[in-house]
Each structure stands twice: as C-alpha cells, then as structure tokens.
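Hi everyone, thanks for making time this morning. I'd like to walk you through a few spots in this protein that I think are fun to look at on screen. Let's bring it up.

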Amino acid sequence: FYAYLLMFMGSMLGLVLADNVIALYVFWELTGISSYFLIGFDHHRESARAAALQALLVTGAGGLALLAGVLLLGQAGGSLEISTLLENGELVRSNALYLPILLLVLAGAFTKSAQVPFHFWLPSAMEAPTPVSAYLHSATMVKAGVYLLARLSPVLGGTELWVYTLSAVGAVTMITGAYLALRQTDLKRMLAYLTVSALGMLILFIGVGTTQAIAAAMVFLLAHALYKGALFLVAGIIDHETGTREVNNLGGLRSAMPITATAAVLAALSLAALPPSFGFIGKEMLLETSLATDQAGLIIAIAVVLASTIYVATAGIIAVGPFFGTKRQTSNPPHEAA
C-alpha cells in the first residue's frame, strides 16, 4: 500500500515539475497506473476491481488523446519544452493544427479531472481505501487536468474556442456535481460528487482566463484540497469506527468521537465558505472575479452562488448529521480513532 502511494507521489511530483511535454505525459500515465493499483487495492472485492479498471480505461483513453495533442503541439510550437512553448503561444494559436491540438489536450484534461460527461469514474473510485480518496481523488491526481490547462493557458488560451469550451464544460460540471452530491446518502460518494463540482469550478475560471480568474482558481484549488482531504478522512474514520458511511444511519457521535467531530465541523466551515476559513477567501475571490468578468459575468456568478448554496447544505449533512441530533445504533460501538 505504501509502495503504491509513494509511486503515485513520485509520479505526481514528476508531472508538475516536468518541463518536457513527453516527460509530463509519462508521469501522467504513471499517476493513472498507480491510481489503478490503489483503487483496486481491496482486490478480493469485484466492485473494487471494476472501479479500478473503469478509472484506468477512462483516464488512459484520455491520456492517448493527450499524447497525440502534445506531439502536435511540439510540431506547431517548434519545441517539446514547455518553457519554450510558453514563449511561442501566438505561433501555436495561428497554426492550422491549433483546433486538433486543443481538442486532444482538452480530452486528456477533461477525462483526468472528471468533467461531464466523463465524471462517472470518480464516484466509482470511492471503492479505494479512504486515505487514497483523500489524497488522490480530492487533492492531487484529479487536479492534474486542471494543472495542465492552467500550465498551457498561455499557449492555447485566450481564443473564443478555449473560453467558451472551458466555461461551458466547467459550469455544467459544477452544477451537475453539486446536484448529484445532494442526492447521495453515502458520505464518500457525496464528497466525490462535491469534488467533481469543485473541479468544474476550477476549469470554468481557467476558461475565463483573466489574471484575476487564474489567481482565484489557484487559491480555491489549495483551499479545496485542504478541506476535502480532511472531510474524506473524517468519512473514513466514521466508517472504520461505526461500520457504516450512510448518513441516515448516523447521529449523536460527538460524545463518543469529540476530536473527529471538531475536525469535521472545522473542515465543513471551509466547505461552506464561512469566515474566517480559507474556503471563504477562495470563494470570495471566485465571486469577485465572476462579477468583474465582462462577458456572461452575471451568469457565472449565479452559477457559482447556486453551487455554493448546495455546498452549504452538504456541509451541514456531513458535519452536523453524523455527530449531532439523536444518537443512533451502529453495527460497531463508536469510539475515537487511534
């Protein structure tokens, strides 16, 4: 288990530090392979094996599209080094290959970052042990597509196709993920759909593409990683100590699990974007950016507010439901985690 986690950690560091698009692609695929091993870690369960294979096939297919895209990008930009390509953005955008390059890179990024219609693999990946969900599927691997688009935005961004495609896909994913999260009763699946929604929000603001929008997206990216990683671990502790993750079967755990309850409430405050949390700062920056956007700014702001309202509701379900209210019987007697 730790070997797979270290393999993933090394792959993810390689991905974000690579200056060569081929090296970036190799590390991109290594994150997918290590994710496959980690999702299917409990391989005696058929559901874990199926979820691992599904994630590998979806992200692997997107990875092949990305490989074709970066090879064409190297041809159009005259180099495979990202640092050189960043200086040749105008050359790439004016090239006849720009459309296929953009579509192929977007296919790779959208599959990795679980954008609609490729979002289904991420909730299925909750078959993984909870530390994997907290690390890979909320904070790091699923942000690889977001990272790639942010990294290549000076090269591929700024065109109408870029702005409208990323904004539309991001907005649809943001609303869809939030709506589906509200319909879940399993804590980890609820958090997974909230992650899908947050990834859509990040893609939306990278699509907007202004300096202010990129800054807001990066602050929210970090805030999201912190509170969502914490909430996944809370879900794992609840499951481990009580034997269930179903919110309808949980209640009154705060007396038996005070430390976990405190952690859950603090992380949920950031999810709900209440002051003085880091999540509040990130969400304020996103709303400020929305209202400052010339084209469709009001529509973006309304979409962000709608998704954020659902975040507040789900934060209450996750943090208040299991720990407060009437105490319920669980299959295991609840107690604080080691």
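Let me begin with a polar contact of 3.4 Å, which joins the side chains of Lys283 and Ser308. Before I go on, please keep in mind that this is a predicted model.

So, where does Lys283 sit? You'll find Lys283 in helix 14, which covers residues 278-292. Lys283 is buried, and yet has no salt bridge. Which side chain of opposite charge is nearest to Lys283? That is Glu284, and the distance is 9.0 Å. A salt bridge needs the nitrogen and the carboxyl oxygen within 4 Å, so Glu284 at 9.0 Å does not qualify as a partner for Lys283. Leaving out residues up to four places away in sequence, Lys283 touches Met201, Phe220, Leu271, Ala273, Val304, Ser308 and Tyr311. Ser308, then, appears both among these contacts and as the partner in that 3.4 Å polar contact.

Ala273, one of those neighbours, deserves a stop of its own. Ala273 has a positive phi of about 60°, although it is not a glycine. As a reminder, most residues other than glycine have a negative phi, and most peptide bonds are trans. Ala273 lies in the loop between helix 13 and helix 14, and because its relative accessible area is 13%, Ala273 counts as buried. That loop between helix 13 and helix 14 also holds Pro276. Pro275 and Pro276 are joined by a cis peptide bond, with omega at about 5°.

Now please turn to the loop between helix 6 (98-112) and helix 7 (121-124), where Gln115 lies. Is Gln115 buried or exposed? Gln115 has 0% relative accessibility, so it counts as buried. What does Gln115 touch, not counting residues up to four places away in sequence? The partners are Phe110, Val169, Gly170, Thr173, Leu199, Gly200 and Ile203.

Ala114 is found in the loop between helix 6 and helix 7 too. Ala114 has a positive phi of about 55° although it is not a glycine, and because its relative accessibility is 0%, Ala114 counts as buried. Pro117 is in that loop between helix 6 and helix 7 as well, and a cis peptide bond with omega of about 10° joins Val116 and Pro117.

On to charge pairs. Side chains of opposite charge can pair when their charged atoms come close. How many salt bridges does a search of the whole structure find? The count is 5, and I'll show you some of them.

Have a look at Asp42, Arg45 and Glu127, which are linked in a network of salt bridges. Arg45 pairs with Asp42, with the closest N and O atoms 3.4 Å apart. Arg45 also meets Glu127 in a salt bridge, at 2.5 Å from N to O. That second pair links distant parts of the chain: Arg45 is in the loop between helix 2 (21-39) and helix 3 (46-77), while Glu127 is in the loop between helix 7 and helix 8 (130-135), 82 residues apart. How accessible are the members of this network? Arg45 is partly exposed at 28% relative accessibility, Asp42 is partly exposed at 24%, and Glu127 is partly exposed at 26%.

Another salt bridge joins the side chains of Asp186 and Arg245, at 3.1 Å from N to O. This pair also links distant parts of the chain, with Asp186 in the loop between helix 10 (160-182) and helix 11 (187-208), and Arg245, 59 residues apart from it, in the loop between helix 12 (211-242) and helix 13 (258-271). Asp186 counts as buried, because its relative accessibility is 13%.

Leu187 is found in helix 11, and at 2% relative accessibility Leu187 counts as buried. Setting aside neighbours within four places in sequence, Leu187 is in contact with Ala235, Ile238, Arg245, Val247, Leu250 and Ile318. So Arg245 turns up here as a contact of Leu187, as well as in the salt bridge with Asp186.

Last stop, the surface. Leu6, Met9, Leu13, Val16 and Leu17 form a nonpolar patch there, with about 480 Å² of accessible area together. Met9 lies in helix 1, residues 2-17, and counts as partly exposed because its relative accessibility is 36%.

That's my tour, and I'm happy to rotate the view to anything you'd like to see again.

Key. Residues are numbered from 1 along each chain as its sequence is written. This is a predicted model: local features need pLDDT of at least 70, side-chain atom pairs count only at pLDDT 80 or more; totals for chains, interfaces and linings use all residues. Side-chain values use heavy atoms; hydrogens and water are left out. Helices (H or I, at least four residues) and strands (E, at least two) are DSSP runs, numbered from the N terminus. Buried means under 20% relative accessible area, exposed over 50%, partly exposed in between (1.4 Å probe, protein chains only). Contact means heavy atoms within 4.5 Å. Lys and Arg count as positive and Asp and Glu as negative; His and the chain ends are not counted. A polar contact is a pair of N or O atoms within 3.5 Å; within protein, one must be able to donate a hydrogen and the other to accept it, and residues adjacent in sequence count only if both atoms are side-chain atoms. Patches are made of residues with over 30% relative accessible area and no salt bridge: like charges are joined within 9 Å, nonpolar side chains (Val, Leu, Ile, Met, Phe, Trp, Tyr) within 5 Å. Accessible areas come from the Shrake-Rupley method with a 1.4 Å probe; for residues, only the protein chains shown count as cover.
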